[in-house]
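Here are my notes, set out as numbered points. Please keep the sequence and the model open while reading.

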Amino acid sequence: MNEYLVDRKYRNLLFKCLDHPPQFIGTHKNPRWQMDCPICGAWRSQLVWIDQRNTYKFVCPSNSRRNCGLHAEFPVLLKVWNPALYLQFVQEREDEGTVGAGFNCPRVADIAPQRRSRRQLKWRKCQVPDQVNEPSDDGS
Ligand SMILES: [Zn+2]
């Protein structure tokens with residue numbers, strides 16, 4: 001049991017945002033929380049410690065069609081729940097040195113910036129009209 005400090009910080013943040021405080025139902029060696037699903041609100045979702053992965057895994061029960069049924073490790077849960085917060089989280093994990101190969105969290109450079117620049121290129125193409133052959137308005 002060795003939760004990354006950044007994970008603990010954001011887990012506590014998530015816990016504070018839930019309508020009902022999560023209940024600890026595990027043991028010291030195998031921590032486990034029962035909580036409302038932050039995505040769909042389903043009762044009895046669980047956050048289960050996975051020792052081999054050094055992270056919590058979130059499981060939303062898929063026994064009802066109204067549930068989102070999300071099964072994801074903590075960083076992905078954060079990403080689905082609050083994308084803006086997730087970016088902040090990834091930045092802090094990178095500062096902590098727990099991103100990239102061998103970790104369950106990508107580098108900052110592997111997410112937002114690349115996507116953003118690609119999108120900007122597309123926007124520029126769409127927004128700049130082709131005026132090469134048109135005369136200018138001021139008569140020069
Ligand atoms: Zn859910």
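1. Strands E2 and E3. Strand E3 covers residues 45-50, and 4 bridges join it to E2 in an antiparallel run. One residue pair to look up is Arg-32, whose bridge partner in E3 is Val-48. Bear in mind that this is a predicted model.

2. Strands E1 and E2. E1 takes in residues 23-24 and E2 residues 32-35. The two pair in the antiparallel sense over 2 bridges. Gln-23 has Gln-34 in E2 as its bridge partner.

3. Strands E3 and E4. Here the antiparallel pairing extends over 5 bridges. Val-48 comes up again: its bridge partner in E4 is Lys-57. So Val-48 has a bridge partner in E4, Lys-57, as well as being the partner of Arg-32. E3 and E4 form a hairpin, with 4 residues between them.

4. The turn residue. Asn-54 lies in the loop between E3 and E4. Its phi is positive, about 55°, although Asn-54 is not a glycine. Is Asn-54 buried, exposed or partly exposed? Asn-54 counts as partly exposed because it has 17 C-beta neighbours inside 10 Å; the buried class starts at 20.

5. A second positive phi. Arg-44 sits in the loop between E2 and E3. Its phi is near 60°, again a positive value in a residue other than glycine. With 14 C-beta neighbours inside 10 Å, Arg-44 is also partly exposed. Please check the backbone at this residue too.

6. The whole sheet. What is the order of the 5 strands in the open sheet? The order is E1-E2-E3-E4-E5, with antiparallel pairing. E1 and E5 (71-73) stand at the edges. Each has a single partner strand, so one side of each is left without a neighbour in the sheet.

7. Strands E4 and E5, with helix H2. E4 spans residues 55-59, and 3 bridges join E4 to E5, which run antiparallel. Val-59 has His-71 in E5 as its bridge partner. Helix H2 (residues 74-81) packs on the sheet and touches E4 and E5. The direction of H2 makes about 110° with that of E5.

8. The buried side of H2. Which residues of H2 are buried? They are Phe-74, Pro-75, Leu-77 and Leu-78. These residues cover an arc of only 160° around the axis, which puts them on the same side of H2. The cover over the buried residues of H2 includes H1, E4, E5 and H3.

9. The nonpolar core. The largest nonpolar core has 19 residues. Tyr-10, Phe-58, Phe-74, Leu-78, Phe-89 and Val-90 touch the most other members. Which elements give two or more residues to this core? They are helix H1 (5-17), E4, H2 and helix H3 (83-96). In soluble globular proteins, nonpolar side chains tend to be buried together.

10. Phe-58 in detail. Leave aside neighbours within four places in sequence. Phe-58 is then in contact with Ser-45, Leu-47, Leu-70, Ala-72, Phe-74 and Leu-77. Among these contacts, Phe-74 and Leu-77 are buried residues of H2.

11. Leu-70. This residue is in the loop between E4 and E5. Why is Leu-70 classed as partly exposed? Leu-70 has 19 other C-beta atoms within 10 Å, and a buried residue needs 20 or more. Not counting residues up to four places away in sequence, Leu-70 touches Ile-39, Phe-58, Cys-60, Leu-77 and Val-80. Leu-70 and Val-59 are 11 residues apart along the chain, and 6.0 Å separates their C-alpha atoms.

12. Confidence. The mean pLDDT of the protein chain is 86. Of its residues, 79% reach 70 or more. Residues 120-124 have a pLDDT below 50. Beyond near neighbours in sequence, the stretch 120-124 has 0 contacts in the model.

Technical notes. Residues numbered from 1 in each chain as written. Predicted model: local features only at pLDDT ≥ 70, side-chain atom pairs only at ≥ 80, totals over all residues. Pairing = 2+ DSSP bridges. Contact = placed C-beta atoms within 7 Å. Axes fitted to C-alpha atoms, helices over the stretch in contact; angles between N-to-C directions. Core = buried A, V, L, I, M, F, W, Y, C linked by C-beta atoms within 7 Å. Buried ≥ 20, exposed ≤ 12 C-beta atoms within 10 Å, placed from the backbone. pLDDT = per-residue confidence, 0-100. Arc of directions from axis to C-beta.
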